[in-house]
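Work through the exercises below with the sequence and the 3D view side by side. Try each task before you read its solution.

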Amino acid sequence: MGAAGEFLGFLNLTWQATVMLVISGVLIWLGIAKKVEPVLLVPIGFGCLLSNIPLGGAAEEGGFLAVLREAGIHTEIFPLLIFIGIGAMIDFEPFLQRPYTILLGAAAQFGIFGTFFLAYLLGDGWLHLLDFSLQDAASIGIIGSADGPTSIYVATTLQSKYAAAIVVAAYSYMAMVPIIQPPIIKAMCSKEERALKMPSAAGKISQRTKILFPIITVLVVGLLAPKATPLIGCLMFGNLLRECGVVERLSLAAQNELANIVTILLGITVGGMMSGTEFLRPETILVFILGIIAFSLDTVAGVLLGKLMCVLSGKKVNPMIGACGISAFPMSSRVVQKLGLEANPYNHLLMQAAGANTAGQVASVVAGGVMLMLVPMFV
Amino acid sequence: MLNALWIVLLGMAIIFAVLGILLAVMILIGKLAGPRGKEEKENK
């Protein structure tokens, strides 16, 4: 190559970088042409593109993507700031009208723990087929939280080697909930069950309750599972800004400016973590396969508890809403609404499903905190 | 492997316990701080 090889990027193009450049193109195409989670996939795809340009140095030490990774991901600041925005965007009223749905959220976290067990079994736990330590397995399991910021927070706190793949898998599968969940729900619920209508006239929630909810949630979760405090604290702080009614300017800033700026920075930084040499290895493919298993187990566990609630309530609960216990909000609610309408054109389940879905948001954060609490105890 | 099994069992137990307590507290708060008087009439 000679001297030209020192400054011409294409002369240094490896097969790994070439594959990653193609992947970045696919991500950008999915975002723009297919409108699949464009807010996430366009910045992630572009970050991936930048980090795989040979000699570009964007993701190497001192490069701007490396600086962003150090400042925002390794310090866990980006996922926490995103949670303030998410908290300010979520209306917890459907959940507060049906607080029992929090149990569906709890059940749907089984995907995290089931997948963790499976990953550890394949890795250091028993079979030693892959380089999965206890921390790696826990970080892979957390894909099942169906929550990008929680996945980033847990994977970086546990210093997993697969943080980049885990984050990309978590965000990609959130976008793929409308593809992953329906076949599982249909396999588990008969048409009669899917057509089951739920009482819609839930009582109105007072402003006092809406204001007390974030404060009490932080106190209960923080005192019982303290490792979840930063995540639940930021989520509930955002929600308090929304509900207290006296800081509308801050609430709007959290929902718009803060959420948008951090999404741009987080997306491009996550993309910047997808360098070919780190990303293209057999374990990454396994991380993606385990991610699908995590989402599927979440759905199965949620629907199973939904079925139990259906029986115990005298068919007042449609078992499908159990699938919304995962935190992929609002995709999961829309899936259940669509399946309900397919089975019975008068069966509108959106609000009931949104209750379980927002409950799942709280539950997934608690699950992340519980994982952070338990793993160091057993290492 | 036993460690992993403990994490699964304890993890799910803690999640149900924490969220169960949150559920109980929220039901209580809903009763104590629910709509009353004028607010309830407006809702009707």
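**Exercise 1. A residue with an unusual backbone angle**

In which loop of chain A does A:E76 lie?

Solution. Start with the ground rules. This is a predicted model, in which local features need pLDDT of at least 70 and side-chain atom pairs count only at pLDDT 80 or more, while totals for chains, interfaces and linings use all residues. Residues are numbered from 1 along each chain as its sequence is written, and chains are lettered from A and ligands numbered from 1 in the order in which they are written.

Step 1. Find the helices on either side. Helices (H or I, at least four residues) and strands (E, at least two) are DSSP runs, numbered from the N terminus. A:E76 sits in the loop between α3 (64–73) and α4 (77–89).

Step 2. Check phi. A:E76 is not a glycine, yet its phi is positive, about 65°.

Step 3. Check the surroundings. A residue is buried if 20 or more other C-beta atoms lie within 10 Å of its own, exposed if 12 or fewer, and partly exposed in between; C-beta atoms are placed from the backbone. A:E76 has 17 such atoms within 10 Å, so it is partly exposed.

**Exercise 2. A second positive phi**

Is A:A146 buried or exposed?

Solution. Step 1. Locate A:A146 in the loop between α8 (134–141) and α9 (148–157) of chain A.

Step 2. Read its phi: about 50°, positive although A:A146 is not a glycine.

Step 3. Count C-beta atoms. There are 34 others within 10 Å, so A:A146 is buried.

**Exercise 3. A cis peptide bond**

Which residues does a cis peptide bond join?

Solution. Step 1. Look for an omega of about 0°: the bond joins A:F329 and A:P330.

Step 2. Place the proline. A:P330 lies in the loop between α17 (282–312) and α18 (331–343) of chain A.

**Exercise 4. Chain A as a whole**

Describe the fold and size of chain A.

Solution. Step 1. Count elements: chain A has 19 helices and zero strands.

Step 2. Test the size. The radius of gyration is taken over C-alpha atoms, and the globule rule is 2.2 Å times the number of residues to the power 0.38. For 379 residues, a compact globule would come near 21 Å; chain A has 21 Å, which agrees.

Step 3. Box the chain. Along the principal axes, its C-alpha atoms fill roughly 75 × 50 × 45 Å.

Step 4. Look inside. Buried residues make up 57% of the 379.

**Exercise 5. The core**

Which helix gives the largest share of the largest nonpolar core?

Solution. Step 1. Define the core: a set of buried Ala, Val, Leu, Ile, Met, Phe, Trp, Tyr and Cys residues joined through C-beta atoms within 7 Å.

Step 2. Find its hubs. The largest core has 140 residues, and those touching the most other members include A:F116, A:I140 and A:I166.

Step 3. Find the main contributor. Helix α19 (residues 350–378) of chain A gives the largest share, 14 residues.

Step 4. Check that helix. In α19(A), 23 of 29 residues are buried. The expected span of a helix is 1.5 Å times one less than its number of residues. That gives 42 Å for α19(A); its end C-alpha atoms are 41 Å apart, which agrees.

**Exercise 6. A bent helix**

Where does α13(A) bend?

Solution. Step 1. Take the bend at a residue as the angle between axes fitted to the seven residues ending there and the seven starting there.

Step 2. Apply it. α13(A) bends by about 30° at A:F213, and a proline, A:P214, follows within four residues.

Step 3. See what surrounds the helix. Two residues are in contact if their C-beta atoms, placed from the backbone, lie within 7 Å. The buried residues of α13(A) pack against α5 (93–97), α14 (229–243) and α19 of chain A, together with α1 of chain B.

**Exercise 7. Where the chains meet**

How many residues of chain B are in contact with chain A?

Solution. Step 1. Count both sides: 27 residues of chain B contact 36 residues of chain A.

Step 2. Assign the chain B side. α1(B) gives the most, with 21 residues.

Step 3. Sort by type. Ala, Val, Leu, Ile, Met, Phe, Trp, Tyr, Cys and Pro count as nonpolar, Asp, Glu, Lys and Arg as charged, and the others, Gly among them, as polar. The chain B side has 21 nonpolar, five polar and one charged.
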